[in-house]
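Here is a friendly walk through a two-part model, meant to be read with the structure open beside you. Please have a look first, and then follow along.

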Amino acid sequence: MPQAVIMSFFGRRRDRFSEQGEALSLSAKFDLAARIPLVEGVEVIFPDEADDAKTIQAESVRTSLQIAAINVNLKGRPEFQRGALSSPDPMVRSNALALLKAAKDLAVSIGCPRITCAPLADGSDYHLQMDYAQAWLNTIETLGAAVHYHPEITLHIEHKPSDPRVKGLLSRADNTGLLAAECGVGITFNFGHALVSGGAPAEAWCRFHSEGIPLYVHLCDSSTTWDWDLLSGTHHWWSFVEFLQALRNTHYEGWITADTFPIHFDALTLLSANAESTAFWSQWRPPERFPWSSE
Amino acid sequence: MKHAIITSFLGKLKDRFCEYQEPRTLEQKFELMAQIPGATGSEVVHPYEVPSPEELLSQLARFRFSVSAVNVNIKLDPIFQAGALTNPDPSVRAKAVQMIHAAKDYAAAIGADKVTCCPLSDGYDYSFQTDYGKAWDRLIGAVRDSAAHRPDVPLFLEYKPSETRVHCTLDSAAKTLLLIGAAKAENLGVTLDIGHSIYGGETPAEAIALCATAGVPYYVHINDNNGKWDWDLMAGTCNLWSYVEVLYYLKRYRYDGWITSDTSPVRIDPVECFAYNIRITQRIWDWLDEIDLDEIGHHLERHDVMPVIKMLEPGIFPQVAVSMRG
């Protein structure tokens, strides 16, 4: 399985209290990504990191890195802070849809088969803040329209329990599974997010595979309460190797993209370790059965 | 009851992905605070937010505000990335301790009665990242050194389960009390943040009781969350019963310190946010005056919760006529 990295993790990074790293040009980020052993692709943030095909294609050719996905940022703009896809305001939803369509246009231009989006502004902070039913229907309608635009480009939607909203609308992987059934989106399956929301990530993955939903992988580790985007396998090793086995058993041949946030570390060092660890454990073969296996 | 606000929440705020509100000078923050009914105290962040002591005193006089605490920030400087008070490098620890000393000097200059410190960069993100025993010993030593300077200005330590580290070293009320005991210094206290206590798996009222029974001074930060993360939501909006219990215990222990809002008004109006915090806290506080607290104590002695719930229920839903059917 080919590996990729999300390029924004090379630039300036921040949390609520601190900032780390230097702001870097797209070209500098491509240079750094190209230095990571085993990494063959990158995920570019649209429109923040790049919004024109020529620049991305030139960097891709120069560094021999493929574009694994165009990642659409639907959370950064102030107009989206109280929701984008699910917003009660039709104008806000329309703007969100326009961004998704523009990202698909870009994907067509550079020959990338997918865009991915984590609609993190869609959710709530307080009880009695949002109309859950209407928000869900709005989301289906907005995403349905995006799916039908350039249908040859798959729109993958990423689940996440929270951040920056206290409760994300697509808090669990199964919420995106429902969306897939309702409007035909694919899923960006984030292993760390799935851990935070509970359950075994491999179990959800296998179900989605059985249902024939287009899947794409973001990999990291986390605590069970927060998406720390840690080095893969460092906190939940058993879940990690089980998930890699599930990828293998379902014949997944797509990208494994590191969603590992090196805020306290040198990005190159951490992402290199992540790629090596992922490659190593992907090749590991478990015994035919464990003593606790039920079958 | 005295209500204060951490003034940094009245300026520009950010999370990992977004920015909120506007940047404001401390004076502009005071102007905003003056619009919040009941707010009379300010917790100011040293050294990043404050002007000279003379200038601050002038601004405080103009707005008739007091300072509830000087909050010393030992997490922002990149030198503290791998820890401040627990850092293996003695020069980094010395810098952190020196910053606490400077905050104490500042507090003394403006007549503030305490410095509060939340050592958020002290902790770890991965297994095998830190030597836990050595980190604890370093923390004890650094706290002792910090306390020794200007003992007339007590140092209150704020615990928090995580952020910016995956695991903060000082993560619970009990551990903070252990630290205070190990440091063997008289002039230490606990800054008890209700939200930190909730998402750390504590019962906040029990944490207050632990401090009170240990005879350790405590200072209260209010907010709320969903039990998983320090969202700094408005007080009581997630865990109302828990907040009523907190205020009951504060009343029982005759707490006369500041109730300081450590609440983050992202995506909501800051004046409305803090006005609500103060209003709901004061309403519960005043309502508890109408309750027979001794009777609550009597039932607590017997683990008899139903009579307590029956005592409090009409206060929470006072106007509802209950229709009994079936």
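## Unusual backbone spots

A:Pro47 sits in the loop of chain A that runs between β4 (39-46) and α2 (53-63). The model is a predicted one, and in it the peptide bond leading from A:Phe46 into A:Pro47 is cis, with omega near 0°. Chain B has a cis peptide bond as well, joining B:Glu163 to B:Thr164 with an omega of about 15°. B:Thr164 belongs to the loop between β8 (155-158) and β9 (167-168) of chain B.

Two further residues are worth a look for their phi angles. A:Ser64 is not a glycine, yet its phi is positive, near 60°. You will find A:Ser64 in the loop between α2 and β5 (66-72) of chain A. A:Ser64 is exposed, because 9 other C-beta atoms lie within 10 Å, and the cut-off for an exposed residue is 12 or fewer. B:Arg267 also combines a positive phi, about 65°, with not being a glycine. Its place is the loop between β12 (258-261) and α9 (270-289) of chain B. Is B:Arg267 buried or exposed? B:Arg267 has 20 C-beta neighbours inside 10 Å and therefore counts as buried, given that the cut-off for burial is 20 or more.

## The two chains as wholes

Let us step back to the chains themselves. Chain A contains 9 helices and 12 strands, while chain B contains 11 helices and 12 strands. For chain B, the globule rule gives 20 Å for 326 residues, and the radius of gyration is 20 Å, so chain B is as compact as a globular protein of that length. For chain A, a compact globule of 295 residues would have a radius of gyration near 19 Å, and the 18 Å of chain A agrees with this.

The table sets out the spans of the C-alpha traces along their principal axes, together with the buried share of residues.

| Chain | Span of the C-alpha trace | Buried residues |
|---|---|---|
| Chain A | about 55 × 50 × 40 Å | 49% of 295 residues |
| Chain B | about 70 × 45 × 40 Å | 47% of 326 residues |

Contacts that reach far along the sequence can be followed too. In chain A, taking contacts between residues at least 6 apart in sequence, 75% join residues at least 24 apart. In chain B, of the contacts between residues at least 6 apart in sequence, 75% link residues at least 24 apart.

## Where the chains meet

How many residues of chain A are in contact with chain B? The contact involves 23 residues of chain A and 22 residues of chain B. On the chain A side, these residues divide into 8 nonpolar, 8 polar and 7 charged.

A:Trp226 is a good place to zoom in. It lies in the loop between β11 (215-219) and α8 of chain A. A:Trp226 counts as buried because 20 other C-beta atoms are within 10 Å. Leaving out residues up to four places away in sequence, A:Trp226 touches B:Ser162, B:Lys228 and B:Trp229, along with A:Val196 from its own chain. The C-alpha atoms of A:Trp226 and A:Gly192 are 8.9 Å apart, with their places 34 residues apart along the chain.

A:Val196 leads on to another loop residue, since A:Pro161 is in contact with A:Val196, and also with A:Gly168, A:Ser171, A:His193 and A:Ser197, neighbours within four places in sequence being left aside. A:Pro161 is located in the loop between β8 (154-158) and β9 (167-168) of chain A. With 25 C-beta neighbours inside 10 Å, A:Pro161 counts as buried.

## Two helix pairs

In chain A, helix α7 (residues 201-210) packs against helix α8 (residues 237-249) at an angle of about 15°, their axes 8 Å apart. The two helices are therefore roughly parallel to each other. The contact brings together A:Pro201, A:Ala202, A:Trp205 and A:Cys206 of α7(A) with A:Ser239, A:Glu242, A:Phe243 and A:Ala246 of α8(A). By class, these residues are 6 nonpolar, 1 polar and 1 charged.

In chain B, the axes of helix α10 (residues 293-300) and helix α11 (residues 305-316) come within 8 Å and cross at roughly 155°. This pair is therefore roughly antiparallel, and α10(B) passes α11(B) in a left-handed crossing. Here B:Glu295, B:Ile296 and B:His299 of α10(B) meet B:Pro307, B:Val308 and B:Met311 of α11(B). The residues of this contact comprise 4 nonpolar, 1 polar and 1 charged.

Conventions:
Residues are numbered from 1 along each chain as its sequence is written. Chains are lettered from A and ligands numbered from 1 in the order in which they are written. This is a predicted model: local features need pLDDT of at least 70, side-chain atom pairs count only at pLDDT 80 or more; totals for chains, interfaces and linings use all residues. Axes are lines fitted to C-alpha atoms, for helices over the stretch in contact, and angles run from 0 to 180 degrees between N-to-C directions. Helices (H or I, at least four residues) and strands (E, at least two) are DSSP runs, numbered from the N terminus. Angles under 35 degrees count as roughly parallel, over 145 as roughly antiparallel, 65 to 115 as roughly perpendicular and the rest as oblique. Two residues are in contact if their C-beta atoms, placed from the backbone, lie within 7 Å. Ala, Val, Leu, Ile, Met, Phe, Trp, Tyr, Cys and Pro count as nonpolar, Asp, Glu, Lys and Arg as charged, and the others, Gly among them, as polar. The radius of gyration is taken over C-alpha atoms; the globule rule is 2.2 Å times the number of residues to the power 0.38. A crossing is left-handed if the near helix is turned anticlockwise from the far one by less than a right angle, and right-handed if clockwise.
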